[in-house]
Every structure is written in C-alpha cells, then in structure tokens.
Amino acid sequence: MIELYAAPLEGITTAVWRAAHRRIFGGADRYYTPFLSPNANLSFQPKELREITTGEPDLVPQLLTNRPEYFIWAARELEKMGFRQVDFNLGCPSGTVVAKHKGAGLLTDPRELDGVLAEIFAALPHMAISVKTRIGRYDAAEWPALLAVYEKYPLHQLTVHPRVQKEFYTGAAHRDVFLATLRATRLPLVYNGDVTTPADPALTWGCPVMVGRGLAADPALFRRIRGGHPATRQELRQFHDALYDGYAAWMGPAAVGRLRELWNYLSARYRDADRPLKAIRKAKSPADYLPAAHAILDGCPLTDE
Ligand SMILES: Cc1cc2nc3c(=O)[nH]c(=O)nc-3n(C[C@H](O)[C@H](O)[C@H](O)COP(=O)(O)O)c2cc1C
C-alpha cells in the first residue's frame with residue numbers, strides 16, 4: 001500500500017493537530033514536524049521541545065539551518081531522544097530564510113550545498129537523514145546539478161516539491177520534472193505538491209506521497225485514499241474542538257489565532273460559510289470566535305453533502 005506522509009506546515013501540523021488527526025481520522029504513515037531551527041545556543045527552544053517530546057513513534061523532526069555543526073548537534077540530541085530519522089529542510093521559500101542561505105536559499109549554489117551535506121553525512125553515519133527539497137532557486141534547469149549533489153550521499157529519502165523557490169506555492173507543481181527524476185535516479189523519492197483528492201495520479205506512481213495543504217483542508221484525505229469514508233460533520237466538529245481545547249490549554253486566548261489560520265484550509269469543506277468566516281477572520285477573542293466557528297460547524301452544509 002502507498003505510504004502517505006503528512007507534510008510539515010508551520011503553525012498548522014503541531015503536536016496538537018497531529019494528536020487530533022491520528023485519533024479522529026486514522027493518522028498518516030509519518031508526520032514531519034514544522035522546522036526546528038538549531039543555532040549557536042545549542043539548545044532547543046521551549047516551543048520546539050513541545051513538538052518533539054510527545055512520544056510520537058511516527059514523527060520525523062525537521063531541521064532548518066545552513067550550519068553543519070548545528071545540524072549535527074541537533075541530530076545527535078534527537079537520536080538520544082529516540083528518533084531514528086531527521087529531515088533537512090532545503091525547500092523553505094520565505095524571503096528572510098532564503099536571504100540567510102537557509103531552506104531553499106541553500107539551493108543557490110550546489111557547491112555550498114555539497115559542502116554542508118558532506119560534513120553532515122560524515123558526522124552522522126548511523127542516522128537516517130532525509131532531505132525535503134525544491135528543484136531550484138530560480139529555474140528548473142538548476143535541478144540536474146542539485147540532484148547530482150544529492151546522489152553523492154546515502155539519503156534515507158529525498159522528498160521533492162517540484163517548484164523553484166521563487167514560485168513559492170503558486171502555479172502548478174512541475175510534475176514532469178519529478179516523474180523524469182523518478183525514472184532516472186536510484187535515490188528513494190517522495191512526491192510532494194498539490195495533491196488534494198484520492199484521484200490524483202501521483203498516488204499511482206509507486207513512491208510515497210507527502211501532502212500538506214490538501215490534508216489541512218481535508219483531514220480525512222488519507223482515509224479516503226485508503227477507501228474509507230469522507231469526514232463527517234461530527235468528526236470535523238470533534239477535530240475542531242480538540243484543536244481549540246489543545247491550543248487554549250497551551251496558549252490561552254491566543255488559541256484564536258491558531259484556529260483562524262486553520263480555517264484558511266478547513267473552510268473548503270463547507271458551503272455558504274462566507275458570513276461566519278468573515279467573523280472568524282475578524283475575531284480577536286474566544287467570545288468572538290467560538291459562536292462563528294460553531295455557526296459553520298453546526299449550520300453550514302458540507303461540500304460533499
Ligand atoms: C503555511 C505553510 C507552512 C509550511 N511549513 C513548512 C515547514 O515548516 N517545513 C517544510 O519543509 N515545509 C513547509 N511548508 C511546505 C509544505 O510542507 C509543502 O511542501 C507545500 O505546502 C507543498 O505541498 P502541498 O501542495 O501538499 O501543500 C509549509 C507550507 C505552508 C503553506
């Protein structure tokens with residue numbers, strides 16, 4: 001059966017989201033944490049520790065840095081905590097990240113990338129190291145040189161999101177580039193990009209598939225891909241309430257901000273929700289937020305009803 005991975009989505013696929021997703025919708029084969037940023041302090045921040053101390057056996061921590069020594073420190077700490085795999089973020093397109101030559105910024109110069117990977121792989125021979133990458137900084141023509149660098153190392157897996165940095169998340173993913181790579185490389189590839197339905201052809205390509213926004217919008221997507229039923233109104237309500245309660249226990253009224261972000265995706269499941277969605281976007285407190293959220297959860301028809 002095809003392996004299905006939940007992509008890291010900063011601010012969305014937190015430990016709170018993962019626990020609710022596993023319990024209500026049957027989970028994913030693997031979840032990736034939103035990126036952790038090891039730095040010169042050589043300590044994880046409290047909010048990072050929250051993500052990796054929950055004892056989730058299906059969890060892969062992801063690291064964002066351009067300094068091999070920080071990566072190596074963090075990977076060894078994670079190994080001590082029981083993790084067998086760490087993921088290297090080489091795809092984040094954010095301007096501030098890229099300007100520091102991190103994330104997709106490291107794709108600008110294949111020699112710099114090679115130097116970083118050489119140090120990391122030399123220092124961590126027993127750790128499963130996977131990479132999540134884009135196919136270039138400016139142009140897909142950069143991809144063969146980047147792939148040649150990756151092919152020098154025993155990557156546990158290479159997740160390819162076939163867009164270049166400057167495309168951010170716009171336009172269509174370059175699936176042709178991924179398919180050509182899948183045929184040509186011996187590296188174990190994982191496909192990531194724009195999968196939103198069980199009918200997506202990427203699910204027939206024979207490699208694992210990682211899904212981000214499609215899963216945030218339809219948390220039952222993996223169950224549907226495996227032949228199960230779509231999310232019911234009751235499940236979505238349960239999911240929402242588990243997230244609200246989890247975030248409220250963690251951060252108090254600031255939970256509203258987290259839930260607002262979630263609705264950017266979840267709203268796709270409901271029809272005729274414009275008015276309460278507007279109220280959700282403006283909500284500053286639980287007293288503004290909760291009635292609007294429940295107006296949708298209890299009152300708006302599901303798109304597949
Ligand atoms: C809000 C948001 C946050 C993201 N955070 C991360 C992250 O922390 N690490 C990472 O590797 N990718 C991150 N991504 C990229 C996704 O993991 C994924 O590669 C991208 O959304 C494309 O896949 P999709 O079309 O299935 O969503 C993020 C994307 C979005 C939209």
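This section describes the ligand site, the pockets and the cavity of a predicted model.

The space taken by the ligand is the largest pocket, which has a volume of about 590 Å³. Of the 29 residues lining this pocket, Pro-8, Leu-9, Glu-10, Lys-132 and Tyr-169 are the closest to its centre. Strand 6 (128-134), strand 9 (209-211), helix 8 (213-217) and helix 11 each contribute at least two residues to the lining of the largest pocket, and strand 6 gives the most, with 3 residues. By class, the lining of the largest pocket comprises 13 nonpolar, 10 polar and 6 charged residues.

Around the ligand itself there are 18 residues, of which Pro-8, Gln-62, Asn-192, Asp-194 and Arg-213 come nearest; this shell divides into 8 nonpolar, 6 polar and 4 charged residues. Polar contacts to the ligand involve both backbone and side-chain atoms of the protein: a polar backbone atom of Glu-10 lies 2.9 Å from a nitrogen atom of the ligand, whereas a polar side-chain atom of Tyr-169 is 3.4 Å from a ligand nitrogen atom, and an N or O atom in the side chain of Asn-192 is found 2.6 Å from an oxygen atom of the ligand. Taken alone, the ligand exposes 610 Å², and 90% of that area is buried by the protein.

The second largest pocket has a volume of about 280 Å³, and of the 13 residues that line this pocket, those closest to its centre are Glu-10, Pro-34, Phe-35, Lys-47 and Glu-51. Glu-10 is thus listed among the residues closest to the centre of the largest pocket and also among those closest to the centre of the second largest pocket. Helix 2 (residues 46-52) gives the most to the lining of the second largest pocket, with 3 residues, and this lining is made up of 4 nonpolar, 4 polar and 5 charged residues.

With regard to enclosed space, a search of the whole structure finds 1 cavity of 30 Å³ or more, and the volume of the largest cavity is about 30 Å³. Its lining is formed by Gly-11, Ile-12, Trp-17, Leu-243, Tyr-247, Arg-258 and Leu-262, a set that divides into 5 nonpolar, 1 polar and 1 charged residue. Helix 10 (233-251) and helix 11 (255-266) each supply at least two residues of this cavity lining; helix 11 likewise supplies at least two residues of the lining of the largest pocket, the space taken by the ligand.

Note on methods. Residues numbered from 1 in each chain as written. Predicted model: local features only at pLDDT ≥ 70, side-chain atom pairs only at ≥ 80, totals over all residues. Heavy atoms only, no water. Near = heavy atom within 4 Å. Polar contact = N/O pair within 3.5 Å; in protein donor to acceptor, adjacent residues only side chain to side chain. Areas by Shrake-Rupley, 256 points an atom, 1.4 Å probe, with all protein chains shown as cover. 1 Å grid on protein atoms, 1.4 Å probe; cavity = no way out; pocket = protein on both sides within 12 Å on 5 of 7 lines; lining within 4 Å. Sits in = over half its atoms within 2 Å of the grid points. Nonpolar A, V, L, I, M, F, W, Y, C, P; charged D, E, K, R; others polar. Points joined across faces, edges and corners; volume = space filled by probe spheres on them. Helix = DSSP H or I, 4+ residues; strand = E, 2+ residues; numbered from the N terminus.
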